[in-house]
Amino acid sequence: MSASARNGRLSPVRSPSGQQVAWLAAGLTAAALAARQARQTPPTSEQLRAAALDVLEAALPQKRPFDVQLWDGTVLPATVQPAAARLVLNSEHSLGRMLRLPLDIALGEAYLRGDFEIEGDVSAVAGLTEAFDKPLSAAQVARLLGEVQTLRRHAGPAPHPVTAQLHGEPHTRERDQQAVTYHYDISNDFYKLWLDHRMVYSCGYFPTGAETLDQAQEAKLEHICRKLRLEPGERLLDIGCGWGGLAIYAAEHYGVEVLGVTLSEAQLREGRARVEAVGLENRVRLELRDYRDVQGPFDKISSVGMAEHVGRRNMPEYFATAYRVLKPGGLMMNHAIAAGVQQSKLPKWVQVLASGNFNQKYVFPDGELLPLWETLQHAEQAQFEVRDVENLREHYARTLANWSRNLEAHRDEARALVGEQRFRLWRLYLAACVNYFRNGQLAIFQSLLAKPDEEGRAGVPLSRGDVYR
């Protein structure tokens, strides 16, 4: 699964205007002057506490479902009761480290390091950076920036958490392998703690809203198979097959032969073991192979949660390869996260201070999310015909909420498997994405694409009734 809102970033940021940059520069200048004056004498504990309270009261959203607790026990109560969570600053250094630049990196790294804790519902706090709702004058901004400088200066050095170290040009075969290994090969047992029993690492389908996670993931697999109109004896290519959930389901329930390809050695081992466990070795073959090296022909193609790793530059080759190996009259299901239509609610002066690349650095290196229109444009340029598009945004918010709850329930086992920092990273990442899908900054689309035959037949019926029966 990949999640980010613009070009693989965790939260979308638009370029500020020249006037906004000038306004921010004036505020920064005033803050620099204030910091220079304050440099003569170090702040007292009471001054740090006062600065922290001033900054928090200005920056925290007016409608806030969580408490904030300072290192000395002072509590700023939630404004929406009952409180769903509590953000705890562990020391007088915490806030200064959280407010370094770029802001999104500083906040994320501060949590990974343990500068602050989140007790209770992490998703109630994880959307904090998008909940800023207080108008501030230029004079207030300048004053607050001065106090932020004081907090930063006192915070001292802080070690950087472990991050991905990738080499080579983005989206080459070699680097794609490194990126996939970083995210997916940390531990199969870790993923088993919070995924469904089939280990389907993509959006579930909740047609009634009452489904369990296992039921929703089975419903999603069935939904995809119906949309592809799978028939016994057909050959299905599953690009980015993960741990084999869709490949096994399609072979079991629709009698197809499946080739699943992945770049994750850990997924391949687990997937093959699962295929063998259900006795489907004669119909399901999983391989460690780049999608660009696949040879056809196939009757149908599925790609679930994989296109996010392809990259804008390689989208033409991605769809051209799929079109090449698909038989005339065949269908392709492209199930992928996309940039949503809702923009960041942060003021422009705050957006200037955020790089928007925490997700790239720590979660999905080299991941890129395209808006739907651009993805479909690439598909059509490869000669695919778009036959159906469905947005499952609300379904992914539910899926992520389930994953997040499962991870919380197995936090001790997760820590033992992947370490404290990795556990905290996934805890923060899953909870933050719940908010991004709920508020529309992220979306996920199932796009059914057809390769019409010489007579223009696209292999789909006149109605969608067979899908929703």
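Which residue of β8 does aspartate 238 stand opposite? I looked this up before anything else, keeping in mind that the model is predicted, and I found that aspartate 238 stands opposite serine 302 in β8.

**Entry on β8 and its neighbours.** I next went through the strands that pair with β8. Strand β5, which covers residues 235–239, pairs with β8 in the parallel sense over four bridges. Strand β9, residues 326–339, also pairs with β8 in the parallel sense, and here I noted six bridges. For one position in this pairing I wrote down both partners, since valine 304 has histidine 335 as its bridge partner in β9. I then asked how β8 and β9 are connected, and found that helix α12, residues 315–325, joins them in a right-handed β-α-β unit. As for burial, β8 itself, residues 298–304, is mostly covered, with seven of its seven residues buried.

**Entry on helix α9.** I turned to the helix of residues 213–227 and checked its length. At 1.5 Å a residue, its 15 residues should span 21 Å, and because the C-alpha atoms at its ends are 21 Å apart, the expected and modelled spans agree. I also noted that α9 is mostly covered, with 11 of its 15 residues buried; among them are Leu213, Ala216, Leu221, Ile224 and Cys225, and the list also includes Lys220, Glu222 and Arg226. After the helix comes arginine 229, for which I recorded a positive phi, near 50 degrees.

**Entry on the four-stranded sheet.** Which strands stand at the edges of the open sheet, and what does that leave them without? I first wrote down the order of its four strands, β2-β1-β3-β4, with mixed pairing. The edges belong to β2 (75–76) and β4 (116–120), each of which has a single partner strand, so one side of each is left without a neighbour in the sheet. I then followed the pairing of β2 with strand β1, residues 66–69, which is antiparallel and runs over two bridges; within this pair, valine 68 stands opposite leucine 76 in β2.

**Entry on two crossing helices.** Last, I looked at helix α2, residues 45–59, and helix α6, residues 138–155, whose axes come within 9 Å and cross at roughly 130 degrees. An angle in that range makes α2 oblique to α6. I closed the entry with the hand of the crossing of α2 and α6, which is left-handed.

Key:
Residues numbered from 1 in each chain as written. Predicted model: local features only at pLDDT ≥ 70, side-chain atom pairs only at ≥ 80, totals over all residues. Heavy atoms only, no water. Buried < 20%, exposed > 50% of the residue type's maximum accessible area, 1.4 Å probe, protein only. Pairing = 2+ DSSP bridges. Right-handed = clockwise from strand over helix to strand, strands pointing away. Expected span 1.5 Å × (residues − 1). Axes fitted to C-alpha atoms, helices over the stretch in contact; angles between N-to-C directions. Parallel < 35°, antiparallel > 145°, perpendicular 65-115°, else oblique. Left-handed = near helix turned anticlockwise from the far one by under 90°.
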